[in-house]
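Here is a short report on one protein model. Look at the structure first, then read on.

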Amino acid sequence: MSTLSNRDPVIIVGGGPVGMTAALLLARASVPTVVLEAEPNRTPIGSKSICVQRDVLDILQRAGVGDAVADAGVTWYRGRTFYREHEVLDLTFPEVPGSAWPPFVNTPQSVVEMLLEQRIAGEPLVDLRYDHRVTGVEQDDDGVTAIVDGRKPLRGTHCVVADGSRSTVRRALGLSFEGHSFPDKFLIADVRVDLGLERPERRFYFDPPWNPGRQVLVHPQPDGVVRIDWQVPEEFDLDAEHASGVLDARIRKVAGDAEYEIVWMSSYTFHQRCVPTMRVGRVLLAGDAAHLMSPFGARGLNSGIADAENAAWKIALDRDGLAGPGLLESYDIERRAAAAENLRITGTTMRFLVPSTEEDRGRRLEVLERSVHDESARPLIDSGKLSEPFWYVDSPLTTRPSTVDYSAFPREPGVPRPAVPGVLCPDVRLDWGMRLREYVGPKFVLLTHQCPLDSAPSELLAQPVPLEHADWDGPLRTVLDLQPETAALVRPDGYLTAVLAGDDLRDELDTALRRATGWCDR
């Protein structure tokens, strides 16, 4: 146990969406934080990440801003894909029964940051400090010390490193950033224009006549703005294209004759990288400081916010002396596995979008040309498999029932997961008005037909949820299929971690809680 007390803060390096989300979730668990941001102030320029996935909106709601982020954004259900002059895919994303959110909401990162900062302004447990550049961290058995450039070092019990892709702390820790970068260049533009669409939709163009051999992505944003991403040549020069009028012609291919206003523009390249470990003692790395991936599929910001929640509940229990030796280590096990899956999926997408070998180029061309007339080829088009939660069936925190064959479950994105331990628990509205996803965290939640709590550690458990008070038209009844004499244990981040169905539910609950808090192996 640290000699620091629970009055001492957790240090968060980086005041972006990942760092601020972590701070607000820790505040929900009554943990004070100090957020150290290197920049002197926030500059809300450019859309950056825009696509927020429905389950991440639940995390942001637990941080206090989910409704605001959803209300500030644009909801879209339709994605259309074109090859040259042909429309080859038209997908509609269905509503999920029991969910409070649409599949995706496009809210610019700058707006998400503004809403998080407004929430922090009213949260006394979060101290957000600008112009505090952290150059390194030191740690001992008692806690962590942040070395702040030109200022007095700051002590805390733990540290969350969320200072972005050029992380100073990652380098100071001596961690490599293994992977590779793509030479292909993209131009991104936020353009205010009325495209005359009846409803917002995402459009992806492969090899359009007005950007031959390359691709263009168009995403809706709030306030009449669209986000346009063009693949451009390596020698692309934004200033020269602007001066020559070529940029106007490029935008006109999307905007037509409509009046438009350029809100923001930038060019960028893609990276696929990950640290060898996301945990060094009491220091946990999150978001772009830990992993970078292609933005096609919207897996960057969404996975970073999931990192923040995973780190927050584990740090909170560790500070309270309720965590076993394996809980902090499970952060690296779970979230680096999630990063690896995201990198695998986005890597496959990039091989289709920007093929680097003759074999990949030939396969892409064959799929696209065949898709014009052959419906069976259309599912092979890969413009980015959209973000979804990772599942922790292989985590040491998960109690895997011996009767379930996990190897038989599909692992590909977009395929429904069965509601078994390790999977994000389905949402449901309770009869007192709250949704289950709102009820979870910062403690564990027990879903039960009875209350086997006589000897259970109350400091880990919230008030149990009697299943007779759930909305039985929702997914709990049909998906979890909890029979009488059974119960389900849900982690503070909403993941189902155990289904209890033995003769002695009290003993099973105790064992599942010990496993889920890092006190024992599977």
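## Surface and charge

This is a predicted model. The accessible surface of the protein comes to about 22,100 Å². Carbon and sulfur atoms hold 49% of that surface.

The protein carries 57 positive and 78 negative charges. The mean positions of these two sets lie 2 Å apart.

## Overall build

The protein contains 13 helices and 24 strands. Its C-alpha trace spans about 75 × 60 × 45 Å along the principal axes. The radius of gyration is 24 Å, which agrees with the value near 24 Å for a compact globule of 522 residues.

Of the 522 residues, 56% are buried. Take the contacts with a sequence separation of 6 or more: 70% of them join residues 24 or more positions apart.

## Nonpolar cores

In soluble globular proteins, nonpolar side chains tend to be buried together. Here the largest nonpolar core has 65 residues. Within this core, I12, L26, L36, L60, V69, V134 and C159 touch the most other members.

What does I12 touch, beyond residues up to four places away in sequence? The list is G19, A22, A23, L26, T33, V34, V35, L36 and V160. A second core is separate and has 21 residues, including Y83, F186, Y268 and V372.

## Around D184

D184 sits in strand β13, which covers residues 178-193. Neighbours within four places aside, D184 contacts Q231, Y268, T269, F270 and V354. One of these partners, Y268, is also listed in the second core.

D184 and G362 are 178 residues apart in sequence. In space, their C-alpha atoms are 18 Å apart.

## Unusual backbone spots

Most residues other than glycine have a negative phi, and most peptide bonds are trans. Three places in this model deserve a check against that rule.

G441 and P442 are joined by a cis peptide bond, with omega about 0°. P442 lies in the loop between α11 (436-439) and β21 (445-448).

K48 is not a glycine, yet its phi is positive, near 50°. K48 belongs to the loop between β2 (33-36) and β3 (51-53). Is K48 buried or exposed? K48 is partly exposed, because its relative accessible area is 41%, and the partly exposed class runs between 20% and 50%.

R84 also has a positive phi, about 55°, and is not a glycine. The loop between β5 (78-83) and β6 (86-92) holds R84. R84 counts as partly exposed, because its relative accessibility is 36%.

Conventions. Residues numbered from 1 in each chain as written. Predicted model: local features only at pLDDT ≥ 70, side-chain atom pairs only at ≥ 80, totals over all residues. Heavy atoms only, no water. Helix = DSSP H or I, 4+ residues; strand = E, 2+ residues; numbered from the N terminus. Rg over C-alpha atoms; globule rule 2.2 N^0.38 Å. Buried < 20%, exposed > 50% of the residue type's maximum accessible area, 1.4 Å probe, protein only. Contact = heavy atoms within 4.5 Å. Areas by Shrake-Rupley, 256 points an atom, 1.4 Å probe, with all protein chains shown as cover. Lys, Arg positive; Asp, Glu negative; His and termini not counted. Charge placed at Lys NZ, Arg CZ, Asp CG, Glu CD. Core = buried A, V, L, I, M, F, W, Y, C linked by side-chain atoms within 4.5 Å.
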